[in-house]
Amino acid sequence: AWAENIALVFILTFAFYTPQPIQTTRTLLVPQGSITYIISQLTKKGYALSPIDKYILVFMGKPQSGWVDIGATELNRIDFLHKLTTAKAKMEEITLIPGETTELFLTSLANDLKLDKSKLDRYYKEFSNYPEAGIYADTYYVPYGISEKHLMHFLLTQSEKKYEDISKKIYGTYNTKQWTNILIIASIIQKEAANTKEMPLVSSVIYNRLKKNMPLQMDGTLNYGKYSHIKVTPDRIKNDKSRFNTYKYKGLPHSPIGSVSFDAIIAAIKPAKTNYLYFMKNAQGVHDFTQSYKTHRRNIQKAR
């Protein structure tokens, strides 16, 4: 009779416990580890789980680590635990084109993934070490339904790892202050160079002009933020009072002007050894480089 009573209590408890609702996000990240560890980590994140769920999962199977598509924001306990063991998230492909600004990239993400742009902005600023170029120009795969916070954390964490790996291979260390200057120069190269072959040459012009205390006078620096694809006009050069206006201010802008590729980063770190101070786009869509202002003026007239 005692055993029957215990069994009855267990059945009633189970029958009452398992239908209880679990509040969740549409997608969630299941950590790697044992069932006990997974339950404890999800509990810390606010999921209403308990040690009992560990024993239920033992019978259902071990949860798959990674992003999973729960498919709803409220499920009963059994359905939720079942999803942990069987669901996989639908992945979305997103690409940050080299040279694009964070402002326009986040606007595109908000439109394509149906996310809140203001939240993306907020989490970018919270997680990024850099006001611009914090996200490395690349293609990423993210789960459908990912939240703004998780998306920014993922993109910025992946980018930081990439930057750190490159920096440590070249310098043996990773210093964000030093890397900011690399990203600033790389972002200018990204905007100005017609192709990857030109990047070390453009880089040499930047370093040569800085060494001579000459203003950079490069249109690409004015293609920051919302102005990413806006043609730079004489009026804009005259009236833009930001530090991005390298016609008005000597030295580098205070921050990068857009996303950067690996080639631009390497060019910023290892410029070509030249005496070039000027370059002008020719009829073939590439640049003529020169150290002579007189020759540069001829190149301008030729282009016109």
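**View 1. Aromatic pairs across the structure.** In this predicted model, a search of the whole structure turns up 12 aromatic pairs. One of them joins Tyr130 and Tyr163, an edge-to-face pair with 6.2 Å from centre to centre and 85 degrees between the planes. This pair ties together distant parts of the chain: Tyr130 comes from the loop between helix 6 (117-127) and strand 6 (139-143), while Tyr163 belongs to helix 7 (residues 148-170), 33 residues apart. Tyr130 counts as buried because its relative accessibility is just 2%. Tyr163 is buried too, at 0% relative accessibility.

**View 2. A tilted pair between two strands.** Here Phe279 and Phe289 pair up in a tilted arrangement, 5.4 Å centre to centre with 35 degrees between the planes. Phe279 is in strand 7 (residues 278-281) and Phe289 is in strand 8 (residues 287-290), so this pair also links distant parts of the chain, with the two positions 10 residues apart. With a relative accessible area of 13%, Phe279 is buried. Phe289 has 16% relative accessibility, which is under the 20% cut-off, so Phe289 is buried as well.

**View 3. A cluster of rings.** Back at Tyr130, there's a wider group to look at: ring pairs connect Tyr130, Tyr136, Tyr163, Tyr174 and Trp179 into a cluster.

**View 4. Arginines over tyrosine rings.** The charged end of Arg122 sits over the ring of Tyr123, 4.7 Å from the ring's centre. Elsewhere, Arg236 lies over the face of Tyr227, and here the distance to the ring centre is 3.9 Å.

**View 5. The two sides of helix 3.** Take a look at helix 3, which covers residues 51-60: Asp53, Ile56 and Leu57 are its buried residues. Seen down the helix axis, these buried residues fall within an arc of 100 degrees, so they line one face of helix 3. An α-helix has 3.6 residues a turn, so residues three or four places apart point the same way. Over on the other side of helix 3 you'll find Pro51, Tyr55, Val58 and Phe59, which are exposed. Just past the end of helix 3, Gly61 takes a positive phi of about 125 degrees.

**View 6. A cavity and its lining.** How many cavities of 30 Å³ or more does the structure hold? There is 1. The largest cavity has about 30 Å³ of space. Its lining is made up of Leu96, Glu100, Thr102, Phe105, Glu132, Ala133, Gly134, Ile135 and Ser259. Sorted by type, the lining residues of the largest cavity come out as 4 nonpolar, 3 polar and 2 charged.

Terms used
Residues are numbered from 1 along each chain as its sequence is written. This is a predicted model: local features need pLDDT of at least 70, side-chain atom pairs count only at pLDDT 80 or more; totals for chains, interfaces and linings use all residues. Side-chain values use heavy atoms; hydrogens and water are left out. Buried means under 20% relative accessible area, exposed over 50%, partly exposed in between (1.4 Å probe, protein chains only). Helices (H or I, at least four residues) and strands (E, at least two) are DSSP runs, numbered from the N terminus. The arc is that of the directions from the helix axis to the C-beta atoms. On a 1 Å grid over the protein atoms alone, a cavity is a set of points where a 1.4 Å probe fits but cannot get out, and a pocket is an open set with protein on both sides within 12 Å along at least five of seven lines; lining residues have an atom within 4 Å of a point. Grid points are joined across faces, edges and corners, and a volume is the space filled by probe spheres set on the points. Ala, Val, Leu, Ile, Met, Phe, Trp, Tyr, Cys and Pro count as nonpolar, Asp, Glu, Lys and Arg as charged, and the others, Gly among them, as polar. Rings of Phe, Tyr and Trp (its six-membered ring) pair if their centres lie within 6.5 Å; planes under 30 degrees apart count as stacked, over 60 as edge-to-face and the rest as tilted. A charge sits over a ring if NZ of Lys or CZ of Arg is within 6 Å of the ring centre and within 35 degrees of the ring normal.
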